[in-house]
Amino acid sequence: MSIRLGKIARWRWKKRQDWPHRRRRFCRKVAKISSGGWRQQSSSYWRILETTYSSIGASEQIFEMMNRLPCDQFLVQGIKLQRLMGHIQFVDVSFHYPARSMMPVLEHLNLSVKANEVIAIVGLSGSGKSTLINLLLRLYEPCSGQVYIDGFPLKELDIRWLRQNIGYVAQEPHIFHMDIKSNIGYGCPRNINQEDIINAAKLAYAHDFISSLPNSYDTLVDGNVLSGGQKQRIAIARAIIRDPVVMILDEPTSALDSESEHYIKEVLYTLRNETTSRTIIIIAHRLSTVKAADRIIVMDNGRIIEMGNHEELLVKDGLYAKLNKIQADVF
Ligand SMILES: Nc1ncnc2c1ncn2[C@@H]1O[C@H](COP(=O)(O)OP(=O)(O)OP(=O)(O)O)[C@@H](O)[C@H]1O
């Protein structure tokens with residue numbers, strides 16, 4: 001037995017001695033493969049190496065991200081108001097993106113949105129609608145002027161608290177690879193149960209289509225299970241469940257089917273008539289949603305050029321009337 005163990009030990013020792021040669025041989029193989037000389041080698045070997053290389057590259061980026069520090073906004077503890085009403089003011093706000101300092105995006109913009117008001121922002125592509133929302137979410141700071149909420153400059157408020165009070169539905173909302181109920185409850189800061197999820201889905205006009213799915217709220221969102229309009233309604237339910245005081249909806253520019261368009265309009269009417277007070281801002285591209293707003297803000301080249309309700313703006317016969325006519329012609 002001891003002779004056998006001794007043999008094994010000697011064999012291992014020899015292998016270890018041989019290790020630098022093996023390593024050199026391996027490196028030569030890698031170099032050959034990288035230069036394309038060994039493509040005829042077994043394809044699985046080639047694939048494994050390729051995957052290993054790309055994984056090493058990806059993991060470097062992940063570690064870089066993990067080492068990044070949060071920006072100053074998150075390091076400062078700002079004011080948390082006892083109760084937020086949702087009165088928003090942009091006072092003489094000018095802004096350009098850091099990457100394009102010579103190109104002003106917003107110029108001396110003034111806008112006041114009352115608490116509980118539903119406003120629609122319309123305008124040609126690139127007029128600065130999303131930028132206005134970016135400033136409200138504090139994704140960027142104005143270059144001059146100030147944004148206030150309930151009379152407090154945004155930069156004095158606690159950013160986490162502020163964002164907890166704002167519900168934002170992006171143009172192309174991200175739906176996660178998990179079941180529908182987890183998608184609706186995702187990121188909600190309070191404890192929620194199945195009833196809360198169903199109520200939010202009902203308010204977002206998503207309950208009926210979810211219930212018709214084979215696994216209802218437990219359906220895994222995978223591939224093309226949901227249409228664009230259904231995804232949007234799930235994202236609206238996700239925003240509603242947080243019960244935000246300010247709700248921002250960036251309506252998709254891509255063609256929604258008329259059924260989904262109808263539902264989004266209904267969601268707006270429902271949210272408006274709720275007992276909870278809520279300020280709603282919608283970047284609108286469709287007539288039906290624009291008509292549901294209390295006030296329409298028309299933007300052009302970073303400025304507000306018209307303001308009023310649908311009828312008032314039609315009488316003005318300006319850019320809104322023109323956009324309105326173009327859309328009516330298209331339909
Ligand atoms: N991150 C950015 N960096 C540099 N410029 C940007 C950035 N985001 C937007 N812009 C520019 O700012 C201007 C206003 O863009 P913004 O997205 O606010 O317009 P919009 O009215 O929302 O357009 P759309 O209706 O197409 O979404 C555009 O000229 C755009 O190219």
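**Close-up 1. The largest nonpolar core of the predicted model.** The largest nonpolar core, a set of buried Ala, Val, Leu, Ile, Met, Phe, Trp, Tyr and Cys residues joined through C-beta atoms within 7 Å, holds 66 residues, and those with the most contacts inside it are Ile121, Ala204, Ala237, Ile282 and Ile296. Its largest share, six residues, is supplied by H9. A residue counts as buried if 20 or more other C-beta atoms, placed from the backbone, lie within 10 Å of its own. This is a predicted model, in which local features need pLDDT of at least 70 and side-chain atom pairs count only at pLDDT 80 or more, while totals for chains, interfaces and linings use all residues. Residues are numbered from 1 along each chain as its sequence is written.

**Close-up 2. Ile121 and its contacts.** When neighbours within four places in sequence are left aside, Ile121 is in contact (C-beta atoms, placed from the backbone, within 7 Å) with Lys129, Leu132, Ile281, Ile283, Ala284, Ile297 and Met299.

**Close-up 3. Helix H7.** In helix H7 (residues 194-203; helices are DSSP runs of H or I with at least four residues, numbered from the N terminus), the buried residues are Ile197, Ala200 and Ala201. Seen down the axis of H7, these residues fall within an arc of 100°, taken from the directions from the helix axis to the C-beta atoms, and they therefore line one face of the helix. They pack against helix H6 (180-185), helix H8 (207-211) and helix H9 (228-240). H7 is followed by Tyr205, whose phi is positive, near 55°.

Methods:
A residue is buried if 20 or more other C-beta atoms lie within 10 Å of its own, exposed if 12 or fewer, and partly exposed in between; C-beta atoms are placed from the backbone. Helices (H or I, at least four residues) and strands (E, at least two) are DSSP runs, numbered from the N terminus. Two residues are in contact if their C-beta atoms, placed from the backbone, lie within 7 Å.
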